[in-house]
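This report describes how nonpolar and aromatic residues are arranged in one protein chain. Please consult the sequence and the structure as you read.

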Amino acid sequence: MKPFAYVRPGTAAEAVAAFAAHTGAHYLAGGTNLVDLMKLGVATPDTLIDVSRLPLDTIEGVPGGGLLVGAAVRNSDLASDTAVRTRYFALSQALLAGASGQLRNAATTGGNLLQRTRCTYFQDISKPCNKRAPGTGCPAREGVHRDLAVLGHSEHCVATHPSDMAVALAAFDATVHLHSTDGDRALAVTDFHRLPGDSPQVDTEIHPGELITGVELPPVPPGARSAYRKARDRASYAFALVSVAAVLAVEDGRVRHAALAFGGLAHRPWRARRAESLLVGAPAGQESFTRAAEAELEAARPLRDNAFKVRLARNLAVSVLTGLVPGPGGDEELS
């Protein structure tokens with residue numbers, strides 16, 4: 001591992017000032033992704049600015065009924081929070097599905113959002129990778145890509161974003177709060193991560209030196225229920241082949257509100273806007289759910305070995321939505 005300098009600021013203002021004062025700086029929180037990449041030689045910061053002990057570790061109610069989650073809140077604490085479990089259940093489910101207890105005890109809200117979109121080629125410095133070394137190519141397109149993107153990818157990159165938490169936050173229309181030497185700003189979480197285009201080395205819309213200070217969850221629509229489900233190769237902790245976060249409100253047998261987000265399909269959490277537009281006002285049943293999911297997935301461009309993800313995503317979305325409809329019934333086998 002490359003030697004680095006270490007700075008521990010006491011406030012967010014001190015953190016962003018330290019970033020501006022040090023070239024090659026990276027913020028360090030739980031380190032569950034960054035430190036791994038440093039060990040592999042993928043990340044080579046000159047200075048680590050430790051923000052893990054900043055006073056950003058609270059979960060507070062906000063006017064109107066939402067929640068403000070500090071960037072330093074640990075994933076375990078967020079998953080077990082009473083307000084999260086009762087009002088944003090899909091978020092709690094996503095966090096518990098995302099990693100082992102040891103990792104959840106270390107990983108933070110801000111760090112989870114900033115983990116790198118990646119594949120095995122990105123993490124192997126002996127291989128070319130446009131995300132790690134722009135212009136060197138994307139060997140995953142013709143190589144090992146079974147787990148990789150079917151939506152929104154480009155000739156430059158087919159990696160997928162690994163976060164479970166971010167998929168749930170997308171379905172809940174969360175907002176990311178950012179602080180820098182230029183002041184504060186807020187960014188919808190659905191706009192926070194980028195598709196690869198011709199610059200896959202840039203994962204997010206965060207500006208250099210900006211620090212995530214919190215994530216705000218708006219009130220859930222009245223009567224809405226939520227769920228998160230993840231399909232993976234093994235029952236123990238693994239990245240999603242496909243995951244689904246859904247928020248659904250049904251009134252008089254019809255969908256009044258629908259929010260749907262996919263994980264494991266794209267370079268960022270994929271908010272299914274087309275599916276949502278078809279769901280609102282439609283009968284709350286498998287026929288409507290299937291039609292909406294298939295319409296969303298018409299944009300898929302699977303590679304040689306990952307076309308199975310399209311059907312898996314459809315079936316998982318229909319199953320999750322069906323399970324959120326009040327009353328008797330349940331998931332049925334889908335072809």
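Is Y88 buried or exposed? In this predicted model, Y88 has a relative accessible area of 0%, so the residue is buried.

**Aromatic pairs**

Two aromatic pairs are found when the whole structure is searched. Their geometry is listed below.

| Pair | Distance between ring centres | Angle between planes | Arrangement |
|---|---|---|---|
| F19 and Y27 | 5.0 Å | 35° | tilted |
| Y88 and F172 | 5.2 Å | 80° | edge-to-face |

The partners Y88 and F172 both lie in loops: Y88 in the loop between α4 (82–87) and α5 (89–98), and F172 in the loop between α8 and β6 (175–180). The pair therefore ties together parts of the chain that are 84 residues apart in sequence. F172 has a relative accessible area of 6% and is therefore buried. Y27, from the tilted pair, has a relative accessibility of 18%; because buried means under 20%, Y27 also counts as buried.

**Nonpolar cores**

The largest nonpolar core has 40 residues, and the members that touch the most others are L78, L91, L113, L169, F192, I212 and L217. Helix α8 (residues 165–171) makes the greatest contribution to this core, supplying seven residues.

What does L78 contact beyond its neighbours within four places in sequence? Its contacts there are I59, V69, V73, V84, L91, L95, T109 and M165. A second core, separate from the largest one, contains 32 residues, among them V150, A246, L260 and L321.

How values were computed:
Residues numbered from 1 in each chain as written. Predicted model: local features only at pLDDT ≥ 70, side-chain atom pairs only at ≥ 80, totals over all residues. Heavy atoms only, no water. Core = buried A, V, L, I, M, F, W, Y, C linked by side-chain atoms within 4.5 Å. Buried < 20%, exposed > 50% of the residue type's maximum accessible area, 1.4 Å probe, protein only. Helix = DSSP H or I, 4+ residues; strand = E, 2+ residues; numbered from the N terminus. Contact = heavy atoms within 4.5 Å. Phe/Tyr/Trp six-rings, centres within 6.5 Å; stacked < 30°, edge-to-face > 60°.
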